Amino acid sequence: MEQTKYVEENAKPSKGKAFLEAVKEWFRKFTVKLKRRPMNIAFFVLIVSAVLYLCSLGNLSQTALNVHVEWIGLSEFVNTLFCILSLLLFLNAFPKRSKKPKIVMLVLLFVFIAAMIAFDLIFYIRVGDAYHKNIDSGDLTGQGRIDMEKYLLPALNSTIAHIVLVGVAALLTATYPLYGRLLNKINTRKVVESTELKETIDAAEEV
């Protein structure tokens, strides 16, 4: 009976339980990292915005080539460049070994974000106006309209999505001390079960 009880106490947990425990532990460690660097949430959103814009370059380029409107080519070029530079500015604004952000880099980051939003709005407004004018005048009909809408409408939708994501990233960057305090209230202490504690004590006594 005693041997059977010993085997039951030391039996390994099921695979499902072990998987859930591993997932729970991953989330705990992930939350601990966020508590140390809450601005990583803003950095993640900024990365998503950059990836979205860069993946939309095909439709944006087709729009710039076929819709002959001033500033849209420049808007595409500046935003492509600033998407990459803003990530570098963010990393330099929040160095890992520093508890306080670098103000100069942080100000430049917000300037770049404001510039991206401004050029996105220029692109959206000018391309949208040109598109509607061509429809109203009757210059864009039939297959030509269908072909243009294949890349023009996705380009406009990507522009709006980029504005929203960049704006959210700016807001999260500005308010990271606030939600950082909320993250600190989350209990991330590892709970040691009584069986694990007993095994640790028994191992120490054997030594």
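Q: Where is the place of Trp71 in this structure?
A: In this predicted model, Trp71 sits in the loop between helix H4, residues 57-66, and helix H5. Although Trp71 is not a glycine, its phi is positive, at about 80°.

Q: Is Trp71 buried, partly exposed or exposed?
A: The general idea is to look at the relative accessible area, where under 20% means buried, over 50% means exposed, and anything in between means partly exposed. Trp71 has 45% relative accessibility, so this residue counts as partly exposed.

Q: Which residues touch the most other members of the largest nonpolar core?
A: A nonpolar core is a set of buried residues of certain kinds joined through their side-chain atoms. The largest one here has 40 residues, and those touching the most other members are Phe90, Phe94, Leu109, Phe123 and Leu152. Helices H3 (40-55), H5 (72-93), H6 (103-137), H7 (142-174) and H8 (176-184) each supply at least two residues of this core, and the largest share, 11 residues, comes from H6.

Q: What does Phe123 touch, not counting residues up to four places away in sequence?
A: With those sequence neighbours left out, Phe123 touches Leu60, Thr63, Ile72, Ser75, Gly128, Ala155, Leu156 and Thr159.

Q: Is Asn79 buried or exposed?
A: Asn79, which lies in helix H5, has 0% relative accessibility and therefore counts as buried. Leaving out residues up to four places away in sequence, Asn79 touches Tyr53, Ala115, Met116, Phe119, Asp120 and His162.

Q: Which residues form a nonpolar patch on the surface?
A: The patch is formed by Leu121, Tyr124, Ile125, Ile160, Val164 and Val168, which together have about 480 Å² of accessible area. Helices H6 and H7 each supply at least two of the patch residues. Leu121 is a useful one to look at, for its place is in helix H6, and its relative accessible area of 39% makes this leucine partly exposed.

Q: How many disulfides does the count come to?
A: A disulfide is a covalent bond between the sulfur atoms of two cysteines. In this model the count comes to zero disulfides, by a rule that looks for a pair of cysteine sulfur atoms within 2.5 Å.

Q: Which of the two words, buried or exposed, fits Cys55, and which fits Cys83?
A: Cys55 has 64% relative accessibility and so counts as exposed, whereas Cys83, with a relative accessible area of 2%, is buried.

Technical notes: Residues are numbered from 1 along each chain as its sequence is written. This is a predicted model: local features need pLDDT of at least 70, side-chain atom pairs count only at pLDDT 80 or more; totals for chains, interfaces and linings use all residues. Side-chain values use heavy atoms; hydrogens and water are left out. A nonpolar core is a set of buried Ala, Val, Leu, Ile, Met, Phe, Trp, Tyr and Cys residues joined through side-chain atoms within 4.5 Å. Buried means under 20% relative accessible area, exposed over 50%, partly exposed in between (1.4 Å probe, protein chains only). Helices (H or I, at least four residues) and strands (E, at least two) are DSSP runs, numbered from the N terminus. Contact means heavy atoms within 4.5 Å. Patches are made of residues with over 30% relative accessible area and no salt bridge: like charges are joined within 9 Å, nonpolar side chains (Val, Leu, Ile, Met, Phe, Trp, Tyr) within 5 Å. Accessible areas come from the Shrake-Rupley method with a 1.4 Å probe; for residues, only the protein chains shown count as cover. A salt bridge is a side-chain nitrogen of Lys or Arg within 4 Å of a carboxyl oxygen of Asp or Glu.
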